[in-house]
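This report looks at how a protein meets DNA, strand by strand. It then turns to the packing of helices.

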Protein chains: 2
Amino acid sequence: MEGTGYDIKRLFEATFSHFHSASYGSIYPALGQLQQEGLISLRVEQGARYPDRKVYSITEAGRQAFVSELTQTAPSEQLRSELLVLTFFAHLLPGERLAQVLDQAARQYRESLTYLESVRDHPSHSAGIRFTIDMGIASLRAKLECLSTGRDALLAGHLTPPRIDTEEATCDA
Amino acid sequence: MEGTGYDIKRLFEATFSHFHSASYGSIYPALGQLQQEGLISLRVEQGARYPDRKVYSITEAGRQAFVSELTQTAPSEQLRSELLVLTFFAHLLPGERLAQVLDQAARQYRESLTYLESVRDHPSHSAGIRFTIDMGIASLRAKLECLSTGRDALLAGHLTPPRIDTEEATCDA
DNA sequence: TCGAACATGTAAAAGGTTACATGATTAC
DNA sequence: GTAATCATGTAACCTTTTACATGTTCGA
């Protein structure tokens, strides 16, 4: 339960990336504030190598505040998918662009999926972390399947003028 | 292709809700700005009933700008799930709280799913819209399945002290 | 030697929500 | 009569990202 701002950034990129993100611009100020509030403590490592490391650890007060926060707040969930905005207006787009975007999305999903699958069985992972990863995996697989099932219907309905009730995207079955 | 700010809000709530959201605080200023830029035009309906309606329509310039926007930007996707943050730290939480949160999430997912399934086959929906809905449906179903499969493992691993390598969340199989 | 990784931070700008302020109408 | 729906908007606030600024060390 200790680490630097840099470590936190890496943690976000490695383990949180499929459900949360944070940049240095929010991490470093937050660490400073938490320290002032006594929720984390600071130890400076003046290593011979690299710049000074500011290693933060959570305090007992911090742990309590964290658990209290997790316990009190109703968990919200927000997503903002420009991919789906795009497909929503698929009829306005040139078919090539649409195909390109769908394929690019599939590639990214596959990449994320591969990554999550590769880290899933790390023995150091708690059940909670594994569950979190499983949710990501399940969701990605579903989206990939939907993408591959719906792709042709989307592109086909595209070459004809946008007739609304002739084609079927059979992802849902 | 015309409507009021109020209509847009409803559209977001009804059709966009599973992948985007917007509040009046962003819709109304945006409409004002778009109008000044000539991308949408304004017609005021002084109906006998209700306050004046400001009905906006997209202009030809606006349509071009919109398509251009959709074509140029690489679609980003960001989600922020406090539910998964919570499960990530499941070992810190009292079991009751965890169960309550998981069940609440399942309820919300089921509700969204029911809604999406109910609107999916509207004949007025284009293939693009249907695809968008299908992605939502697929994703929700996967998450629900993962929730129900993983729930017991998460809660079971919970009563014992957080031993890390004894339990299995078998959502991924 | 050159790029990636290590390491910290700030300031400005962007983007968004919440809460407020107002008021008619319609359905129960 | 009272709640929901219709309808518009602003201002303050909050959160977050982006871009900047700086410098070392390690591996190829």
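A polar contact here is a pair of N or O atoms within 3.5 Å. The model is predicted, and side-chain atom pairs count only at pLDDT 80 or more.

**DNA strand C**

By that cut-off, Arg80(A) qualifies: an N or O atom in its side chain is 2.9 Å from a phosphate oxygen of DNA strand C. Ser23(B) also reaches this strand, with a side-chain N or O atom 2.9 Å from a phosphate oxygen. Tyr6(A) uses its backbone instead, where an N or O atom lies 3.0 Å from a phosphate oxygen of DNA strand C. Four elements give two or more residues to the surface near this strand: helix H1 (5–16), H2 and strand S3 (53–58) of chain A, together with H2 of chain B.

In total, 20 residues are found around DNA strand C. Tyr6(A), Tyr28(A), Lys54(A), Arg80(A) and Ser23(B) come nearest. By class, the surface has seven nonpolar, seven polar and six charged residues. Which part of DNA strand C supplies the atoms within 4 Å of the protein? Sugar or phosphate accounts for 71% of them, and bases for the rest.

**DNA strand D**

Around DNA strand D there are 21 residues. The closest are Tyr6(B), Tyr28(B), Arg53(B), Lys54(B) and Arg80(B). Two of these, Arg53(B) and Arg80(B), make side-chain contacts to phosphate oxygens. Arg10(B) places a polar side-chain atom 3.3 Å from a phosphate oxygen of DNA strand D.

The surface near DNA strand D draws at least two residues from each of these elements: helix H2 (24–36) of chain A, and helix H1 (5–16), helix H2 (24–36) and strand S3 (53–58) of chain B. Its residues divide into eight nonpolar, seven polar and six charged. Of the strand's atoms within 4 Å of the protein, 70% belong to sugar or phosphate. The rest belong to bases.

The table lists the phosphate contacts.

| Residue | Atom of the residue | DNA strand | Distance to a phosphate oxygen |
|---|---|---|---|
| Arg80(A) | side-chain N or O | C | 2.9 Å |
| Ser23(B) | side-chain N or O | C | 2.9 Å |
| Tyr6(A) | backbone N or O | C | 3.0 Å |
| Arg53(B) | side-chain N or O | D | 3.0 Å |
| Arg80(B) | side-chain N or O | D | 3.0 Å |
| Arg10(B) | polar side-chain atom | D | 3.3 Å |

**Helix packing in chain A**

Two packed helices are described by the angle between their axes and the distance between the axes. The axes of H1(A) and H2(A) come within 10 Å and cross at roughly 135°. The two helices are therefore oblique to each other. H1(A) passes H2(A) in a right-handed crossing. Gly5(A), Tyr6(A), Ile8(A) and Lys9(A) form the H1(A) side of the contact. They meet Tyr24(A), Ile27(A), Tyr28(A) and Leu31(A) in H2(A). This contact has six nonpolar, one polar and one charged residues.

**Helix packing in chain B**

At what angle do the axes of H1(B) and H2(B) cross? They cross at roughly 135°, and the axes come within 10 Å. That makes H1(B) oblique to H2(B). The crossing of H1(B) past H2(B) is right-handed. From H1(B), the residues in contact are Gly5(B), Tyr6(B), Ile8(B) and Lys9(B). H2(B) answers with Tyr24(B), Ile27(B), Tyr28(B) and Leu31(B). By class, the contact has six nonpolar, one polar and one charged residues.

How values were computed: Residues numbered from 1 in each chain as written. Chains lettered and ligands numbered in written order. Heavy atoms only, no water. Near = heavy atom within 4 Å. Polar contact = N/O pair within 3.5 Å; in protein donor to acceptor, adjacent residues only side chain to side chain. Nonpolar A, V, L, I, M, F, W, Y, C, P; charged D, E, K, R; others polar. Axes fitted to C-alpha atoms, helices over the stretch in contact; angles between N-to-C directions. Parallel < 35°, antiparallel > 145°, perpendicular 65-115°, else oblique. Left-handed = near helix turned anticlockwise from the far one by under 90°. Contact = heavy atoms within 4.5 Å.
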